[in-house]
Amino acid sequence: MADIQQPTPRMPRQIPFIIGNEGCERFSFYGMRNILTVFLMSSLLLSVPEELRKAEAKEVFHTFVIGVYFFPLLGGWIADRFFGKYNTIFWLSLVYCAGHACLALFENNLRGFYFGLFLISLGSGGIKPLVSSFVGDQFDQSNRSLARKVFDAFYWIINFGSFFASLLMPVVLKTWGASVAFGIPGLLMGLATLIFWLGRKRYVHTPVQRDGNPHGFLKVVLSALRAGGAGTAVALLGVGGAVWSLTAIPQLGLVAAVCLALVLVMGFGGVGAALQLHKVGTQHPAEAVDGARAVLRLLVLFALVTPFWSLFDQKASTWVLQADQMGKPEWFQSSMMQALNPLLVMILIPFNNLVLYPLVERLGVAVTPLRRMGLGIALSGVAWIVVGGMQLWLDGGQSVSIVWQVLPYAILTMGEVLVSATGLEFAYSQAPLAMKGVITSFWNLSVTVGNLWVLLANSSVKSPAVTAAIQGAGFGVTAFQMFFFAGFALLAALLFALYARGYTMQNNYRAA
């Protein structure tokens with residue numbers, strides 16, 4: 001009997017609307033994000049003493065990024081429980097547009113400008129996990145083989161928008177001022193919202209579980225924590241640590257202290273629940289308990305990715321401030337260097353898929369998502385060793401051309417492609433069907449935690465004792481922090497590789 005030929009998988013016809021929306025939205029986001037540090041330094045924070053201005057600008061930038069990657073938790077929860085992905089994306093996109101309007105209108109008003117940053121962090125963060133998981137919703141078991149290609153295209157278009165934004169917006173800021181430079185990204189966000197709305201009748205909409213699931217992940221975790229025993233004690237340690245962190249608001253700042261409290265509660269709570277899941281077998285079905293255990297293991301991997309984001313997001317703050325010290329043409333703005341990152345991403349994604357991955361697999365090495373992500377974390381550490389070496393040259397009084405920054409940008413970008421582009425599809429595929437938005441939110445939360453480490457590191461070096469110890473070792477503070485973050489990432493890469501060896505991959509696409 002002849003084999004039945006399987007039909008050729010078909011690309012969903014609604015995908016171009018989502019990809020077009022993402023390209024415009026990413027231009028709007030990176031258009032304002034990549035000029036934010038420069039604008040703060042040159043305009044909005046001029047009242048801050050010059051010796052404190054760099055640290056203040058860096059703190060504002062990373063606080064904003066923390067907000068952007070914290071609000072995915074809210075967006076994912078609202079979408080999964082109440083309004084669905086499409087409605088949540090659309091309405092939060094309008095909030096996003098309002099935030100851009102505030103930046104353009106309040107260029108000289110600190111409170112108005114910061115309120116605009118809050119609206120953008122709410123809008124951008126709220127839709128962030130939903131757009132990528134909305135892409136995954138358009139596929140099923142019959143065409144899931146095409147999903148990885150679309151997630152790569154999705155990440156490619158993100159960097160297409162970022163490239164032009166990084167290249168053009170610094171010039172616009174210098175030539176026409178802040179209102180125009182922040183207004184243009186607002187117009188692009190309006191266009192992104194329109195494109196998304198135009199595809200509304202073609203999308204696949206997964207059902208919303210408004211009544212909740214009595215055996216959902218959080219219900220199982222809470223049951224485990226109420227079971228009493230060592231796990232409950234571990235969770236209470238996290239609560240105690242969170243209370244302590246809130247008392248440190250004067251030293252850490254409100255955002256850093258609240259985020260640290262949240263991380264402590266979730267981290268210790270997750271460990272405590274994992275220790276006691278075997279006690280809730282009579283309260284929840286075996287598959288629910290196994291599902292909770294799988295999610296907790298997944299969150300450990302996400303936690304080990306956080307050091308990568310500590311390093312990656314500082315290219316828009318620490319690396320820009322380093323570029324200010326380097327030799328460059330008079331017309332070239334330091335923040336324009338960031339255009340190199342998305343340009344390299346657009347080259348590396350097709351190169352990896354068409355050349356590198358097939359070549360490595362022909363050599364007998366499986367190119368698994370976890371191997372790609374572990375290597376990407378390690379490469380970020382290598383990039384920071386290079387940039388730390390350049391900082392030592394600068395601190396020693398040597399003249400260093402900005403061309404030298406091409407090398408760490410190339411290494412860091414390869415790491416980004418291996419971690420971030422892979423992580424989008426990995427997070428979606430590993431998430432249970434009822435938790436797509438929330439699990440993708442946890443993936444984005446890893447970026448918040450990564451930026452939290454940056455704020456904590458900055459707070460620690462403000463101590464005179466710490467600063468004196470660093471200088472006594474013969475380092476400048478900036479160079480010391482660069483090597484510290486490099487070691488942080490390399491250690492995380494090692495732990496990630498060790499943990500990933502025991503992780504079981506899931507296939508959680510919906511049925512055809």
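In the predicted model, buried residues account for 55% of the 512 residues of the protein. The exposed area of the protein is about 22200 Å², of which carbon and sulfur atoms supply 67%. Among contacts with a separation of 6 or more, 84% are between residues 24 or more positions apart.

The secondary structure of the protein consists of 18 helices and 0 strands. The radius of gyration is 23 Å, close to the 24 Å that the globule rule gives for 512 residues, so the protein is as compact as a globular protein of that length. Along the principal axes, the C-alpha atoms fill a box of roughly 75 × 55 × 50 Å. The protein carries 33 positive and 22 negative charges, and the mean positions of the two sets lie 6 Å apart.

Two helices were examined along their length. Helix 6 spans residues 178-198 and has 21 residues. The distance from its first C-alpha to its last is 31 Å, close to the 30 Å expected at 1.5 Å a residue. The buried residues of helix 6 are Ala178, Ala181, Phe182, Pro185, Gly186, Met189, Ala192, Thr193, Ile195 and Phe196. Helix 18, formed by residues 477-500, has 24 residues. Helix 18 reaches 34 Å between its first and last C-alpha atoms, close to the expected 34 Å. Buried positions in helix 18 include the aromatic residues Phe485 and Phe496, together with Gln481 and Met482. Also buried in helix 18 are Ala479, Ala486, Ala489, Ala492, Ala493 and Ala500. An α-helix has 3.6 residues a turn, so residues three or four places apart point the same way.

Individual positions in two further helices were also considered. Thr37 is located in helix 1, which covers residues 15-44. With a relative accessible area of 3%, Thr37 falls under the 20% limit and is therefore buried. When neighbours within four places in sequence are left aside, the contacts of Thr37 are with Ala57, Phe61, Ala316, Ser317 and Leu321.

Ile347 belongs to helix 13, which comprises residues 340-362. The relative accessible area of Ile347 is 48%, so this residue is partly exposed, a class that lies between the limits of 20% and 50%. Ile347 and Trp156 are separated by 191 residues in sequence, while their C-alpha atoms are 9.0 Å apart in space.

Notes
Residues numbered from 1 in each chain as written. Predicted model: local features only at pLDDT ≥ 70, side-chain atom pairs only at ≥ 80, totals over all residues. Heavy atoms only, no water. Helix = DSSP H or I, 4+ residues; strand = E, 2+ residues; numbered from the N terminus. Rg over C-alpha atoms; globule rule 2.2 N^0.38 Å. Buried < 20%, exposed > 50% of the residue type's maximum accessible area, 1.4 Å probe, protein only. Contact = heavy atoms within 4.5 Å. Areas by Shrake-Rupley, 256 points an atom, 1.4 Å probe, with all protein chains shown as cover. Lys, Arg positive; Asp, Glu negative; His and termini not counted. Charge placed at Lys NZ, Arg CZ, Asp CG, Glu CD. Expected span 1.5 Å × (residues − 1).
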